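Please look over the structure shown below, and then read the briefing that follows, which is grouped by topic.

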Amino acid sequence: MAFDYENYMKAMESFMLQMKSITDIRSSQFGGALKDICQFLRIGRIEICFCEVLSDGKKKEENIIHHFLDNGACEEKNEFTAKEITGEENTVYYKFYPIAGEPLWSEIEIDKISVLEKMLHSFYSLVRIMGAAEKMKFRDQQLPLWNLSYFTKLVEKQIEMGQIERYAACYFNIKRFSTVNQSIGRDNGTKVMLAFVKNLEDELTQEECVCRVSRDNFIIFFYKEKLDFIVEYLQGMDIFYDEKENKNVNIGATAGYYVVPDKDAVRTPNDLMDKIVSAVNMARNIAKAPYVFYNEAVMEKINNIKQVESDFRRALENEEFLVYYQPKVELKEYKLAGAEALCRWMKNGKIVPPDSFIPILEQGNSICQLDFYVLEHVCKDMRRWMKEGKEMVRISVNLSRRHLEDQDLLDHIFSIVDYYRIPHQYLEMELTETTTDVEFKDLKRIVSGLQSRGIHTSVDDFGVGYSSLNLIEEMSWNVLKVDKSFLPLKENGDTRKSVMFKHIIALAQNLGLECIAEGVENIEQVRILKENNCFLAQGFYFDRPLPAAEFEKRMQRVGEA
Ligand code: C2E
Ligand code: CA
Ligand code: CA
């Protein structure tokens with residue numbers, strides 16, 4: 001029978017037209033596209049088999065990867081098979097089975113089947129190339145790892161599927177990676193970093209990922225139930241870089257986590273990214289902790305800290321900080337005995353108390369600038385009072401512990417004090433207790449340096465730290481400021497407190513130290529002080545911290561009863 005070219009061309013054309021809109025060989029539409037041409041060529045089933053050549057040259061068994069038009073009734077023995085070699089030396093077989101009960105294929109039909117096979121193969125190759133290119137888009141450029149686009153894709157998919165609340169995410173940075181590189185070499189460093197991340201990747205499913213963002217920064221997107229495992233893993237693991245020599249290095253990370261609470265919390269991959277980046281920054285720069293979990297309170301804290309830090313420099317230049325003076329009172333004749341300089345921030349017309357900015361400035365060295373600023377303003381005020389002929393009292397200035405490591409601190413203090421020609425006996429520095437041995441040594445040096453040149457020193461908040469007794473034994477302070485927490489509220493009200501208070505004062509007196517009680521708020525406390533032979537007090541019962549102008553009026557009452 002003559003070959004029906006006309007219908008062959010029609011069937012081929014229909015196949016090619018339908019192929020134009022198909023992008024994946026696995027698509028179910030593909031079988032539909034093949035329908036006409038297969039019917040024409042009496043093909044009952046087509047199989048595509050893949051045979052992989054392994055790295056040792058052996059062949060992995062054939063796997064049917066796709067089959068089409070399977071109607072079950074085929075002449076299994078009389079198949080036509082074509083073999084194609086792919087770029088990676090792997091083999092792909094295309095197997096065509098005739099419809100059962102039909103006469104054998106003619107030569108010309110076999111010829112046309114092999115044309116069809118070539119077309120299928122070129123389509124298959126194209127799809128593979130496109131797949132590889134697509135995959136490249138999501139791979140890191142240097143290491144065999146996913147990249148940020150992959151994270152975005154996966155998160156988008158989970159958001160779309162309404163499953164984002166099953167997830168948590170983490171941004172991490174490998175701790176001291178440059179030191180690791182220096183100590184074991186860059187190549188080993190990279191090897192170790194890759195192994196650290198790959199071990200983690202092994203624990204994840206296809207719906208989770210670990211991605212490299214840049215150098216030693218990564219993101220993990222994972223199911224919530226793996227949280228404990230990941231937190232522990234990132235704290236540190238021994239990673240081998242030379243198995244034979246048994247050489248390893250401990251790798252750990254600083255991390256920021258976010259556990260998605262509900263669907264509405266994360267609407268885009270950026271929502272997730274912003275949160276884990278804030279958390280890791282908090283861990284690294286502010287909390288100085290191995291990890292931080294994101295929550296709104298953390299965010300507010302970061303914003304507040306950033307705000308204070310960025311406003312501080314400008315505020316200092318604009319002289320927005322004010323110095324207030326809280327009188328110290330002598331209890332025999334109720335005379336003004338001195339004052340403590342306390343700073344306030346006049347911010348946008350409102351007075352901000354020190355507790356809301358000093359702890360933040362104390363995390364860096366900004367507090368030192370502020371203390372010098374306060375000292376300078378105190379000296380300026382004192383110079384003016386001296387010029388006006390006022391009777392002088394001793395003014396104390398707070399010095400943060402942050403100054404202790406500053407080797408030039410004493411020079412700096414005396415340069416300010418001497419510039420304004422303030423007699424040293426009118427100044428006192430309040431210092432708090434220390435926590436480390438190094439600080440203790442520095443404190444000793446500073447206390448004796450101030451004293452040797454006539455500036456008074458006082459232990460502030462005495463009793464709340466850890467080294468109180470050592471501190472007064474080894475350094476010769478002038479004044480001991482008993483912290484307000486030791487002050488009994490009422491006579492016999494709190495016996496433990498009363499006993500401690502009594503003994504602290506006795507101790508100070510036996511050592512020849514002046515003793516002052518802070519935070520005195522009522523007349524009963526004044527009576528307790530007097531009964532215990534403490535005749536100096538500072539507190540709201542007498543005065544609140546006063547603006548300079550008001551304190552000056554108070555000064556004029558020096559000598560008054
Ligand atoms: P501090 O050195 O212990 O200062 C005493 C604090 O107790 C002051 O709080 C003062 O207003 C408060 N106070 C005084 N009398 C009473 C009272 O009767 N009852 C109660 N409840 N409180 C009383 P302020 O001014 O808010 O300062 C808080 C802390 O901020 C200071 O504690 C000090 O540690 C720090 N600070 C203030 N100014 C400076 C400064 O210029 N430099 C440094 N480094 N720290 C400063
Ligand atoms: Ca103080
Ligand atoms: Ca104090």
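Donors are N, O and S atoms within 2.8 Å of the metal, or 3.2 Å for Na, K and Ca, and water is not among the atoms, so sites may look incomplete. This is a predicted model, in which local features need pLDDT of at least 70 and side-chain atom pairs count only at pLDDT 80 or more, while totals for chains, interfaces and linings use all residues. Residues are numbered from 1 along each chain as its sequence is written, ligands are numbered from 1 in the order in which they are written, and side-chain values use heavy atoms, with hydrogens and water left out.

**Calcium site**

- The calcium ion (ligand 2) has as its protein donors Glu340 (OE), Asn398 (OD1), Glu430 (OE) and Asp460 (OD), which lie 2.2 to 2.3 Å from the ion.
- Glutamate 340 belongs to strand β14 (residues 335-347) and glutamate 430 to strand β17 (residues 427-431), so that this pair, 90 residues apart, links distant parts of the chain, strands being DSSP runs of E with at least two residues and helices runs of H or I with at least four, numbered from the N terminus.
- Aspartate 460 bridges the calcium ion (ligand 2) and the calcium ion (ligand 3), and these two ions lie 3.9 Å apart.

**Burial of two donors**

- Glutamate 340 counts as buried because its relative accessibility is 4%, where buried means under 20% relative accessible area, exposed over 50% and partly exposed in between, with a 1.4 Å probe and protein chains only.
- Glutamate 430, with a relative accessible area of 1%, is buried.

**Helix contact**

- In α12, Leu409, Leu410, Ile413 and Phe414 meet Arg445, Ile446, Gly449 and Leu450 of α13, contact meaning heavy atoms within 4.5 Å.
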